[in-house]
Amino acid sequence: MSDSVIHAVAGGAAGIVAMTCTYPLIFLSTRAAVETKNDGKSVYHAVLDIIKREGPLGLYSGLNSSLLGIAVTNGVYYYFYERSRGLVQKGKLLSTPESILIGLIAGSATTIISNPIWVVQTSQAVATMKQAETPLDPSTPKSAKKLSILQTIKGILAKDGIQAFWRGIGPALVLVINPVLQYTVFEQLKNALVARRTAKLRAAGLSAALAVLTDGDIFLLGALAKLVATSTTYPYIVVKSRLQAGHAHALGYKSSLDGLLTILDVEGIGGLYKGIGSKLVQSVLTAAILFAGQRRIYEATKKAISA
């Protein structure tokens, strides 16, 4: 098995672990973004409504399709990232332009291949949110009806045809800059830390080999990289989320840029960063777990195959 495939498997597995650990934050930030925009509810009251309607497990609504999506997304990304890096790196540290190029290649391939899964996931989330907007009726069951992945796929095919699975591909490709920033920042931070520690080792007369980073180092660097990427691209994420969720006011956006300008004009600069707090917590934790987990799973898989 090639290193690229092992990295892909490790990336997919680490993505599942990270998504499972942080999914309630993902669900809460998405639901809160819809409910607070529409009726002025606080995040706290939005959470209470979710629990009233669906119970505590409602916070994991849509987890199955999200796990499938993150496994495929991370697996494909790591495969193309490692394949591209192997062709460019050739035993040397990556420069910033090389990191960006590799990220663009891997991100674009991942977006095109995984877009159908995220269309399904978004459709499920929107269906659940629309049910949640209906006033609670004590005579009705507490749990909302949820469509399975297969039912959602059949519904999309019947209504819009197979081309619907690539709707939003344009904005999604623009957002490739997010993982590009994330992995570029991660690589450069990692290179800087390795170089600094290696210099200290050599100054002390120790081994001339490159310094080895710990799991804690990888966790922290992954978190910092995601913090930079999410903070930079968040306004565009807001526009994309509103369009995918099918908000009535968002349907009037002529383009993503028009959406940004409209939000800025109507809601001010704060409108471009609504919900960023919970999103940053989730994104940073997910990235940190992903980077640290992928490394460990890769090493364990490699060792098992070699044994």
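This passage describes the helices, salt bridges, contacts and surface of a predicted model. Residues are numbered from 1 along each chain as its sequence is written, and side-chain values use heavy atoms, with hydrogens and water left out. Because the model is predicted, local features need pLDDT of at least 70 and side-chain atom pairs count only at pLDDT 80 or more, whereas totals for chains, interfaces and linings use all residues.

The protein chain holds 10 helices and zero strands, in the order α-α-α-α-α-α-α-α-α-α along the sequence. Here helices (H or I, at least four residues) and strands (E, at least two) are DSSP runs, numbered from the N terminus. Of the 307 residues, 44% are buried; buried means under 20% relative accessible area, exposed over 50%, and partly exposed in between, with a 1.4 Å probe and protein chains only. Among contacts (heavy atoms within 4.5 Å) between residues at least 6 apart in sequence, 79% join residues at least 24 apart.

Helix 3 makes a convenient starting point. Its 27 residues, 63–89, reach 37 Å from the first C-alpha to the last, close to the 39 Å expected at 1.5 Å a residue; the expected span is 1.5 Å times one less than the number of residues. Just after helix 3, Lys90 takes a positive phi of about 50 degrees.

Five salt bridges are present in the structure, each defined as a side-chain nitrogen of Lys or Arg within 4 Å of a carboxyl oxygen of Asp or Glu. In one of them, Glu187 pairs with Arg85, with the closest N and O atoms 2.7 Å apart. Glu187 lies in helix 7 and Arg85 in helix 3, so this pair ties together parts that are 102 residues apart in sequence. Both Glu187 and Arg85 are buried, Glu187 at 5% relative accessibility. Glu187 also forms a salt bridge with Lys190, at 3.5 Å between the closest N and O atoms; these two residues both lie in helix 7, three residues apart, about one turn of the helix.

A further salt bridge joins the side chains of Arg197 and Asp217 (2.6 Å, N to O). Arg197 belongs to helix 7 and Asp217 to helix 8, so the pair ties together parts that are 20 residues apart in sequence. Arg197 is partly exposed at 30% relative accessibility, while Asp217 is buried at 11%. Shared partners, in turn, link Glu82, Arg85, Glu187 and Lys190 into one salt-bridge network.

Asp217 has other partners too. A polar atom of its side chain lies 2.9 Å from the backbone nitrogen of Thr214. Leaving aside neighbours within four places in sequence, Asp217 is in contact with Leu193 and Arg197.

Lys240, also found in helix 8, touches Ala172 and Leu175, not counting residues up to four places away in sequence. In helix 10 (residues 276–306), Gln282 is buried at 6% relative accessibility and, with the same sequence neighbours set aside, touches Thr22, Leu25 and Ile26.

At the surface, the protein chain exposes about 15500 Å², with carbon and sulfur atoms supplying 68% of it; accessible areas come from the Shrake-Rupley method with a 1.4 Å probe, and for residues only the protein chains shown count as cover. Ile112, Ile113, Leu157, Ile162, Trp166 and Leu173 form a nonpolar patch with about 540 Å² of accessible area together. Patches are made of residues with over 30% relative accessible area and no salt bridge, like charges being joined within 9 Å and nonpolar side chains (Val, Leu, Ile, Met, Phe, Trp, Tyr) within 5 Å. Within this patch, Ile112 sits in helix 4 (residues 96–132) and is partly exposed at 44%.

Definitions and conventions:
Polar contact = N/O pair within 3.5 Å; in protein donor to acceptor, adjacent residues only side chain to side chain.
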